[in-house]
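Colleague: I am new to this one and would like to go through it step by step. Please show me the sequence and the structure before we start.

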Amino acid sequence: MGTVTSLHGTTPAEIFQSGLENLDDIDSVAVSVLWKDGTVTAGWSNMDMARLALLVLALDEQQRRMNFQQDDE
């Protein structure tokens, strides 16, 4: 079993970049989601890297939009 390390405060883009730099060392991908009601769901997958890349880029774009809107207020 692997070691779980918190990435709290890390952006999806930073996680993705780290993954690209260490691509040969990745065996599978684990994801957790914090829902608005406070519950956390987690799991792992050896999903296709192209789909993973699209997911991470979509999350990063959403986060940037939210940050941009906060800066305008």
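**A salt bridge within a helix**

Modeller: Arg-65 and Glu-61 are four residues apart in helix α2 (residues 49–72), so about one helical turn separates them. Keep in mind that this is a predicted model.

Colleague: At what N to O distance do the side chains of Arg-65 and Glu-61 meet?

Modeller: A salt bridge needs a side-chain nitrogen of Lys or Arg within 4 Å of a carboxyl oxygen of Asp or Glu. Arg-65 and Glu-61 meet that rule, and by the rule the count for the model comes to one salt bridge. The distance from N to O in this pair is 2.4 Å.

Colleague: Is Arg-65 buried, partly exposed or exposed?

Modeller: Buried means under 20% relative accessible area and exposed means over 50%, with partly exposed in between. Its partner Glu-61 has 41% and counts as partly exposed. Arg-65 has a relative accessibility of 49%, so Arg-65 is also partly exposed.

Colleague: How far apart are the centres of the positive and negative side chains?

Modeller: The chain has 4 positive and 12 negative side chains. The centres of the two sets are separated by 9 Å.

**The overall layout**

Colleague: In what order do the elements of the chain run?

Modeller: The chain holds two helices and two strands. Read from the N terminus on, the order is α-β-β-α.

Colleague: What part of the 73 residues is buried?

Modeller: The C-alpha atoms fill a box of roughly 45 × 30 × 20 Å along the principal axes. The accessible surface comes to about 6700 Å², and carbon and sulfur atoms hold 55% of that surface. Of the 73 residues, the buried part is 10%.

Colleague: Among contacts with a separation of 6 or more, what share comes from residues 24 or more positions apart?

Modeller: A contact here means heavy atoms within 4.5 Å. Of the contacts with a separation of 6 or more, the share from residues 24 or more positions apart is 29%.

**The two strands**

Colleague: In which sense do β1 and β2 pair?

Modeller: Strand β1 covers residues 29–34 and strand β2 covers residues 40–45. Leu-34 stands opposite Val-40, and Val-33 has Thr-41 as its bridge partner. Over six bridges, the sense of the pairing is antiparallel.

Colleague: Which residue in the hairpin of β1 and β2 takes a positive phi?

Modeller: Five residues lie between the strands of this hairpin. The phi in question is near 95°, and the residue that takes it is Gly-38.

Colleague: How many of the six residues of β2 are buried?

Modeller: Strand β2 lies largely in the open. The reason is the count of buried residues among its six, which is zero.

**Two more positions in α2**

Colleague: Which residues does Met-49 touch, not counting those up to four places away in sequence?

Modeller: Met-49 has its place in helix α2, and with a relative accessible area of 39% Met-49 is partly exposed. The C-alpha atoms of Met-49 and His-8, which are 41 residues apart along the chain, are separated by 23 Å. Leaving out residues up to four places away, Met-49 touches Leu-23 and Ile-26.

Colleague: Is Val-56 buried or exposed?

Modeller: Val-56 lies in helix α2, and its C-alpha atom is 17 Å from that of Trp-35, 21 residues away along the chain. The relative accessibility of Val-56 is 13%, so Val-56 counts as buried.

Key:
Residues numbered from 1 in each chain as written. Predicted model: local features only at pLDDT ≥ 70, side-chain atom pairs only at ≥ 80, totals over all residues. Heavy atoms only, no water. Buried < 20%, exposed > 50% of the residue type's maximum accessible area, 1.4 Å probe, protein only. Areas by Shrake-Rupley, 256 points an atom, 1.4 Å probe, with all protein chains shown as cover. Lys, Arg positive; Asp, Glu negative; His and termini not counted. Charge placed at Lys NZ, Arg CZ, Asp CG, Glu CD. Pairing = 2+ DSSP bridges.
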